[in-house]
Amino acid sequence: MADDSMLVNFAIDDSGLAPNLSFKGGRWKDRLTAKKAARRRLDRLGQRTDKHDALDNDLRNDGRKLQAVTDAENENWRPIKRQRRDNRGERESIPFAPNTLQNPTSKSKVATRDKALPQQFVSSLFSSNPEPKTELTNEPEDDGSAKPSNAPLTGELDTFTSLGLSPGLANHLMKKLNLKAPTAIQRAAVPQLLREDTDAFIQAETGSGKTLAYLLPVVERITRLSEGAQASDATNSMIKRNSGLFAIILAPTRELCKQISVVLDEILHCAHWIVSGTVIGGEKKKSEKARLRKGLNILVATPGRLVDHLENTEALDVSNVRWLVLDEGDRLMELGFEEEIQGIVKKLDARQVTKSNEQGFLTPRLPSRRNTILCSATMKMNVQRLGEISLKEAVHIKGEESSTTDPDRAANSESAFSAPAQLRQSYLIVPAKLRLVTLAAALKRAFARRGSVMKAIVFISCADSVDFHFEVFSKAIGDHKAETASTDDEVMENAPNKATKDTIAKAVAFSTEDSPVSLFKLHGSLPQNVRTATLTAFSKSKDPAVLICTDVASRGLDLPNVDLVIEYDPAFSKEDHLHRIGRTARAGNEGRALLFLLPGDEESYVGILKESNRNGGRGLIRSDTNDLLKKAFGSTGLGAGNDWETRATDWQLGVERCAVEDVKFLELARRSYQSHLRAYATHVAAERHIFNIKTLHLGHMAKSFALRDKPGSIKVPGMKPGDSNGIKTGKKMAPKDRSSGANSRSVLQSNQSPNDGQEAARRMREKLKEQSSGAAEFNIG
Ligand SMILES: Nc1ncnc2c1ncn2[C@@H]1O[C@H](COP(=O)(O)OP(=O)(O)OP(=O)(O)O)[C@@H](O)[C@H]1O
């Protein structure tokens, strides 16, 4: 107790109670904590001393050290970003209204969070985009090499009569069908097939008139069977529909069959006693049977449906068939019809009547054996295989490559397949984020002036993506809202009917008051009646029109007045590319083709494009993406004051907002993104280093589908979760995955082990037969 009181009465030096400032031993972080505690205790003493200064210096140094260590530990350290809010100042996840968007030149990427939605990113369109390596090119000077290569001939002697056609048929072609002269392939093929009974392989570029090249000799020779009868008026000897089936024409798709049938009927107007018909999948078999029972002289068919009738329709008598035409040979093979064609050839051989019998008068005038004619614009290995199955000692008939000025191509013309010389080809190198807005810009520009482009076709890799882009361009977004409201009531020339209510719409995104544009969509998952009605409406449209489609419209289709083909997704092989761009610049007409490529690996595709371009690719130009965007979104009155980047960003974010506000549209966008990636992974093996799924920037790609989700979190009902993850991490898709859905191309084209491949291909053939559409495309889900 006494000790206690003594202590109380001693004067005590403050410094004696001051905290110890020498910190040694232990971890430096613990020392730092101790220093901070000491600093707090000094503060409590109330007076500032030298010790304060010393300790403050120490703490500052330690603070810097701590920051450096933390930075090093955290590789992903980034400065803290300012979060953006929409103009309504509402929850962070609500998208920005166009007029209060982030600064388009901003370099930032902003995360927005919401309890209900996965983490979302709104990245700026014009930042962090990879730069193209390829130089821009100027429009080439006209050196005369662009003379049309598939036009009708102009020589005085080049007439249909000079080919050996009867005056009746030649006059009909000139007067009724307005065809003044044959094309090069017709001049080569018609006399050959009239003169000799041989098999033939007809090969010529797209739009060069191959259909008439095989139809004319067949019709002419069937017409001749009645010649004597006409002269002597022996009506009993005239060919009638029940005189026998003389020719079968096989084509891979229903659309193509219908088109061939229309051309055939036009020719047969001058020989009305010859009757033709079609048997194609998707039509009622019962009515086909009835037609076959009544009798047909020429039959146009898809392979699957013909096999069906050969097996099940007794009335189908093929004993007199003397011509078998295989049109679009490579596509027939690609779609897996090899087995069917083999079966058809065998049945025709077995049932063929070679000697004069009950048919008496007919047989001597018919070729003694069946002639098979194979047609193709390109020659893949599979066409050679088809030739092996179906042709015997065939002659190879080619159109002249009149305007080839490239000596290498001329020397190697056996393997050289090219686009028509007059077709102007260009490509854009577009960063993934800018793809959607650039497509909108390309179409806006194309239709800006009424009459500059009548019709355009946009090729897209898969059915889901066709649906998505159709939705986007027919939606009222940003600036166009007012315009749509007023045009909804307009009577559009292409007013959709019941069948086309979901496949025809107004192209709001690039229509103007002066130039309204109609939008059409086509893919293999649509019911047959819808496909037919849509295609017919597009063909007949007198308004400017855009068809968004998959490769179902790439082969053989002859759609009038197509001035522009856009390959938004590059074709799966270079042959497919030639067929797609061949939908324009037909029969000597002009045409333009534009291809979208991503910066990076895809730029090396230009080398392949040059191969299929005459004159070593000198006519192939690289257009400037920014220039296109500037022209399309630059101020022309609407929203004056905004620059083109802001306006382009407004439009993009308008689409993104639709995806946030409309659950159905969001699901469509996600599905379409997933399907696109899966399709992307299935380019032919030879081109997979160019279209390399592993180097795709998935986040940027998602933006082109108006998605703000993180790629890994994009899930689609009905699609296997992790499909895109497999792609992202570069994992190979299992054959099981490849064959899921209608992912036919992946099944048929990917590198797979023979066993997997055979089984998958078999399953896919079944699937295609089931659909009977012959459409090889992605339709996942
Ligand atoms: N002699 C001709 N004169 C003028 N136009 C013609 C002539 N022959 C065909 N055409 C027209 O050329 C267009 C293309 O013909 P067709 O569809 O037969 O081409 P193709 O070579 O089969 O093309 P693809 O390889 O793309 O199928 C058609 O519109 C057709 O009417």
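Which residues in H13 meet which residues in H14? The legends below take up this question and others, using a predicted model.

**View 1. Helix H13 meets helix H14.** Start with helix H13 (residues 338-351) and helix H14 (residues 381-390), whose axes lie 10 Å apart. On the H13 side you will find Glu338, Ile341, Gln342 and Val345, and they meet Leu386, Ile389 and Ser390 in H14. Sorted by class, the residues of this contact are four nonpolar, two polar and one charged. The two helices pack at an angle of about 20°. Angles under 35 degrees count as roughly parallel, and H13 and H14 are therefore roughly parallel to each other. Their crossing is right-handed.

**View 2. Helix H6 beside helix H7.** Now look at helix H6 (residues 184-195) and H7, whose axes come within 9 Å and cross at roughly 25°. H6 and H7 are therefore roughly parallel to each other. H6 passes H7 in a right-handed crossing. From H6, the contact is made by Ile185, Gln186, Ala189, Val190, Leu193 and Leu194. From H7 come Lys210, Leu212, Ala213, Tyr214, Leu216, Pro217, Glu220 and Arg221. Try sorting these by class: the contact of H6 with H7 has ten nonpolar, one polar and three charged residues.

**View 3. H7 again, now with helix H9.** H7 also packs with helix H9 (residues 254-268), at an angle of about 45° and with the axes 11 Å apart. This pair is therefore described as oblique. The crossing of H7 and H9 is right-handed. To trace the contact, find Thr211, Leu215 and Val219 in H7, which meet Ile260, Val263, Leu264, Ile267 and Leu268 in H9. The contact of H7 with H9 divides into seven nonpolar residues, one polar and no charged.

**View 4. The shell around the ligand.** Finally, turn to the ligand, which has 19 residues around it. Those that come nearest are Thr206, Gly209, Lys210, Thr211 and Ala587. You have met two of these names already: Lys210 in the contact of H6 with H7, and Thr211 where H7 meets H9. Helix H7 (residues 210-224) gives the largest share of the shell, three residues. By class, the shell has seven nonpolar, nine polar and three charged residues. Why does the ligand lie between domain 2 and domain 3? Domain 2 (184-413) and domain 3 (423-629 + 642-658) both give residues to the shell, so the ligand lies between them.

Key
Residues are numbered from 1 along each chain as its sequence is written. This is a predicted model: local features need pLDDT of at least 70, side-chain atom pairs count only at pLDDT 80 or more; totals for chains, interfaces and linings use all residues. A residue is near a molecule or strand if its C-beta atom, placed from the backbone, lies within 6 Å of it. Helices (H or I, at least four residues) and strands (E, at least two) are DSSP runs, numbered from the N terminus. Ala, Val, Leu, Ile, Met, Phe, Trp, Tyr, Cys and Pro count as nonpolar, Asp, Glu, Lys and Arg as charged, and the others, Gly among them, as polar. Domain bounds come from an automatic or database domain assignment. Axes are lines fitted to C-alpha atoms, for helices over the stretch in contact, and angles run from 0 to 180 degrees between N-to-C directions. Angles under 35 degrees count as roughly parallel, over 145 as roughly antiparallel, 65 to 115 as roughly perpendicular and the rest as oblique. A crossing is left-handed if the near helix is turned anticlockwise from the far one by less than a right angle, and right-handed if clockwise. Two residues are in contact if their C-beta atoms, placed from the backbone, lie within 7 Å.
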